[in-house]
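Q: Could you take me through this structure and say what stands behind each label? I would like to set every value against its definition.

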Amino acid sequence: EKKKEEGLRVVLIGPPGSGKGTQAPIIKDEYCLCHLSTGDMLRAAIEAGTDTGKAAKVIMDQGGLVPDDVMVSMIKENLDTPQCQKGFILDGFPRTVVQAQKLDKMLDEDNKKINHVLDFAIDDSLLVRRITGRLVHLASGRSYHKEFFPPKVDMVDDVTGEPLIQRSDDNEEVLKKRLASFHANTKPVLSYYQNKGILSTIDASKSANFVSNNIKAIFLSTLNFPPTFSLFK
Ligand code: AP5
């Protein structure tokens, strides 16, 4: 077999509200990677009013999963872009074993592979408060929290000054369904990667700062991959 290409290709897996979208932009900046969030892509499609967006909105508002083939082609289009060639962070994908298998096949054709998968482990009971208090800036995917990470100005994005919104699927009722889907469809993806020996589990109930440092320590010890621009903090 040919030697696989070097580069940091990481997958973040965790239930809704576990902190994937909070950590991904931090890792992206530190390691100079592209960040692909399928949730953000779908919300952008909804904003743009595309057919995919319209069909996805109905599913997302019920806490269900968008079909695998739709998600796989969405990821493929984005992985093929120049900014993702040196490495990437996948956030919200793969969410089913079928998606994981198709991703491996897609990467294998390019002589690449996933180097590491982070399991954001957290008890379901802690997620209600995180999800119902979340505020997001749609265009960038940045998230805040009414209590834990309030924006500098109420309901306004710190960086752009644009308004923040509450996601239509961020309520207790839909959260229950998203969590059920996580346990049924996405937990098996963790076993899929565990069997490949590339899974690390993080305690996602800790502070955001603790989680960031834990991720950096994992990349350094398992992959010998220090951050690009900052010293290890
Ligand atoms: P998606 O957008 O991926 O949502 P999700 O997986 O439910 O994840 P979230 O964005 O809710 O959580 P997060 O882990 O990013 O949490 P965050 O960092 O913001 O998917 C939405 C829908 O799209 C799905 O339900 C599905 O329908 C569809 N979809 C997407 N991908 C798909 C796929 N591959 N296949 C099929 N369907 C797909 O944190 C949450 C809150 O907590 C924030 O307010 C944050 O400020 C706060 N917080 C974060 N970390 C901490 C901390 N350490 N301590 C205290 N507060 C914290």
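A: Happy to, starting with a covalent link: Cys-34 and Cys-84 form a disulfide, with their sulfur atoms 2.0 Å apart. Please keep in mind that this is a predicted model, in which local features need pLDDT of at least 70 and side-chain atom pairs count only at pLDDT 80 or more, while totals for chains, interfaces and linings use all residues. Residues are numbered from 1 along each chain as its sequence is written, and side-chain values use heavy atoms, with hydrogens and water left out.

Q: Why is the pair of Cys-34 and Cys-84 called a disulfide?
A: The term asks for a pair of cysteine sulfur atoms within 2.5 Å. The sulfur atoms of Cys-34 and Cys-84 are 2.0 Å apart, so the pair meets the cut-off. A search of the whole structure finds one disulfide. With 105 degrees about the S-S bond, this link is right-handed.

Q: What parts of the chain does the pair link?
A: Distant ones: Cys-34 is in strand E2 (residues 34-37), and Cys-84 is in the loop between helix H4 (68-79) and strand E3 (87-91), 50 residues apart. Helices (H or I, at least four residues) and strands (E, at least two) are DSSP runs, numbered from the N terminus.

Q: What makes Thr-22 a polar contact of the ligand?
A: A polar contact is a pair of N or O atoms within 3.5 Å; within protein, one must be able to donate a hydrogen and the other to accept it, and residues adjacent in sequence count only if both atoms are side-chain atoms. An oxygen atom of the ligand is 2.6 Å from an N or O atom in the side chain of Thr-22, so this pair qualifies. Backbone atoms take part as well: a ligand oxygen is 2.5 Å from a polar backbone atom of Gly-64, and a ligand nitrogen is 2.8 Å from a polar backbone atom of Lys-206.

Q: How much of the ligand does the protein cover?
A: The protein covers 95% of the 1000 Å² of accessible area that the ligand has on its own. Accessible areas come from the Shrake-Rupley method with a 1.4 Å probe; for residues, only the protein chains shown count as cover.

Q: Which elements give two or more residues to the shell around the ligand?
A: They are helix H1 (20-31), helix H2 (38-48), helix H6 (127-132) and strand E6 (142-145). H2 gives the most, with four residues.

Q: How many residues surround the ligand, and which are the closest?
A: There are 35, and the closest are Thr-22, Gly-64, Arg-95, Arg-134 and Tyr-144. A residue is near a molecule or strand if one of its heavy atoms lies within 4 Å of it.

Q: How do you know that there is a cavity?
A: Rolling a probe the size of a water molecule over the atoms shows where empty space is left. On a 1 Å grid over the protein atoms alone, a cavity is a set of points where a 1.4 Å probe fits but cannot get out; lining residues have an atom within 4 Å of a point. Grid points are joined across faces, edges and corners, and a volume is the space filled by probe spheres set on the points. The search of the whole structure finds one cavity of 30 Å³ or more. About 30 Å³ of space lies in the largest cavity.

Q: What lines the largest cavity?
A: The lining is Gln-23, Ile-26, Ile-27, Tyr-31, Ser-212, Ile-215 and Lys-216. H1 and helix H8 (208-223) each supply at least two of these residues, and the largest share, four residues, comes from H1.

Q: What makes Cys-32 and the bond of Phe-93 and Pro-94 worth a look?
A: Most residues other than glycine have a negative phi, and most peptide bonds are trans. Cys-32, in the loop between H1 and E2, has a positive phi near 60 degrees. Phe-93 and Pro-94 are joined by a cis peptide bond with omega about -5 degrees. Pro-94 lies in the loop between E3 and helix H5 (97-109).

Definitions and conventions. 1 Å grid on protein atoms, 1.4 Å probe; cavity = no way out; pocket = protein on both sides within 12 Å on 5 of 7 lines; lining within 4 Å.
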